[in-house]
Amino acid sequence: MIISLRDISYAELKDKLSKDDKIVLWSCNTCIKFCGIGGYDNMVLLEEMLTADGYEVIGKELVGIACMYSLTEQHRDHPNKRELFEEATAIICLSCEDGYEVAEAVFKDKKVIKVVKTLGVGNFTMDRGPVLTAPFESTGLEQSDEGYSYPEIAEKLSLYPTFFGRDEARDDSGENLVSVSINGAEYRVKEGLTIMEACMECGIEIPHLCSTPDLTPDANCRLCLVKVKGEREFTPACAVHVRDGMEIITEDDELNHNRRILLELLLASHEHNCLTCHKGNPVIAGACELQSLVRKFGIKESRFEQDKEKMPVDTTSPVLLYDPNKCILCGRCVRACREIACQDNLGFVNRGFRTVVVAGANKNFAKSPCVTCLACVFACPTGAITEKIAHYTGEDWKEELIFQS
Ligand code: SF4
Ligand code: SF4
């Protein structure tokens with residue numbers, strides 16, 4: 001992965017803008033997201049900061065791979081985006097320097113603002129986050145197998161290790177707290193959090209597949225059901241907010257028995273080619289959340305059978321592959337496309353076992369109004385929608401990267 005760090009302060013960014021600018025935040029959704037300088041969350045944060053300071057942000061645009069000229073050009077010319085880019089006067093570019101050069105070339109008549117310095121190639125580690133292992137000569141850093149962490153690079157090269165606003169200590173003192181009991185222990189948590197969020201803040205994990213912090217809860221997978229004292233039915237932790245005095249049980253034999261059955265049902269309708277699945281390689285693709293939960297619950301096989309017809313894989317998109325046989329119908333991609341990409345390109349068709357996610361009006365991805373932002377790829381908990389550019393084939397027990405674009 002390409003490693004970049006933030007090169008300018010928030011004050012310097014504001015110096016490059018005028019209060020008359022119509023600003024579009026433009027973020028790559030690949031390397032820079034894992035560098036912590038891009039992605040949807042950071043665009044939301046920057047929009048909040050700029051708006052509070054009197055600047056006008058008219059759009060937040062995610063592009064799957066910003067250094068691909070053709071994708072950036074297609075995004076600019078997309079019928080749903082044309083008006084936005086005609087109105088824009090400034091583009092704040094959250095991408096590596098290659099992506100910035102592409103944006104400069106594509107948005108010739110706009111002020112395109114560079115935010116990062118690109119330093120070389122590295123990888124993402126669980127304990128240290130992104131590390132730089134093969135620095136460009138221009139950085140003056142030696143090659144390093146162990147790699148340089150962000151704080152180290154920031155100190156050596158006078159750069160910023162975090163995104164705008166993320167390094168400032170958050171003042172939570174004004175927030176209202178409520179008292180809750182979780183699995184018999186007492187906690188004080190922020191009012192307004194869902195049960196799932198409150199539990200996460202207290203270090204208690206609740207199994208889930210259909211929810212993520214970025215998306216509106218849908219409570220369709222039912223894995224996060226918990227017991228709340230006084231409620232006759234189980235409560236979906238992703239969708240219900242904490243109340244003062246709430247008494248919550250997140251796991252016991254009954255809840256876990258239900259979760260096992262739900263997981264077995266999901267497995268029964270999910271293709272079992274984990275050995276060759278792109279998502280089966282966490283280094284390349286991030287772990288499959290379904291597989292992680294199945295392991296956690298010690299499930300060896302499913303007692304259920306579903307006679308599901310095998311559906312064709314859609315390979316028509318330039319950036320992603322869609323394999324409906326691995327879809328668990330969690331709807332995360334549908335909500336990501338609507339809420340993050342603002343496209344509403346994905347939806348469900350049919351009923352029961354025949355329900356399937358489709359792009360556009362039941363067409364393939366290439367014929368749909370997809371803007372190739374990859375928001376659905378990062379939302380998908382399984383290998384159903386995956387990035388195409390570095391696909392893991394697993395053929396003949398050899399790991400092989402095939403590049404297609
Ligand atoms: S289907 Fe939607 S979320 Fe997925 S890449 Fe296309 S526009 Fe983005
Ligand atoms: S494609 Fe992925 S994100 Fe979309 S519904 Fe299926 S499993 Fe969920």
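## Domain organisation

In this predicted model, the domain assignment divides the protein chain into domain 1 (2-157), domain 2 (177-251) and domain 3 (266-402). The C-alpha centres of domain 1 and domain 3 are 27 Å apart. Their contact draws 12 residues from domain 1 and 13 residues from domain 3.

On the side of domain 1 that touches domain 3, strand 3 (56-63) and helix 4 (69-77) each contribute at least two residues. Helix 4 gives the most to this side, with 3 residues. By residue class, the side of domain 1 that touches domain 3 comprises 5 nonpolar, 6 polar and 1 charged.

## The five-stranded sheet

An open sheet is built from 5 strands in the order 10-9-13-11-12, and its pairing is mixed. Strand 10 (185-190) and strand 12 (235-236) occupy the edges; each has a single partner strand, so one side of each is left without a neighbour in the sheet.

The pairing of strand 12 can be described in detail. Strand 11 (residues 225-228) runs antiparallel to strand 12, and the two are joined over 2 bridges. Within this pair, L225 is found opposite P236 of strand 12. In general, the strands of a sheet pair through backbone hydrogen bonds, in either a parallel or an antiparallel sense.

## The hairpin of strands 15 and 16

Strand 15 (residues 346-349) and strand 16 (residues 356-359) also pair in the antiparallel sense, over 4 bridges. One of the residue pairs is G347 with V358, the latter being its bridge partner in strand 16.

The two strands, 15 and 16, form a hairpin with 6 residues between them. In the turn, N350 has a positive phi of about 70°.

## The surroundings of the ligands

Ligand 1 is surrounded by 14 residues, of which C337, C370, C373, A375 and C376 come nearest. Helix 12 (332-339) and helix 13 (375-379) are the elements that give two or more residues to this shell. The shell around ligand 1 consists of 11 nonpolar and 3 polar residues, with no charged residue.

Ligand 2 likewise has 14 residues around it, and the closest are C327, C330, C333, C380 and A384. The residue classes in the shell around ligand 2 are 11 nonpolar, 2 polar and 1 charged.

Key:
Residues are numbered from 1 along each chain as its sequence is written. Chains are lettered from A and ligands numbered from 1 in the order in which they are written. This is a predicted model: local features need pLDDT of at least 70, side-chain atom pairs count only at pLDDT 80 or more; totals for chains, interfaces and linings use all residues. Domain bounds come from an automatic or database domain assignment. Two residues are in contact if their C-beta atoms, placed from the backbone, lie within 7 Å. Ala, Val, Leu, Ile, Met, Phe, Trp, Tyr, Cys and Pro count as nonpolar, Asp, Glu, Lys and Arg as charged, and the others, Gly among them, as polar. Two strands pair if DSSP finds at least two bridges between them. A residue is near a molecule or strand if its C-beta atom, placed from the backbone, lies within 6 Å of it.
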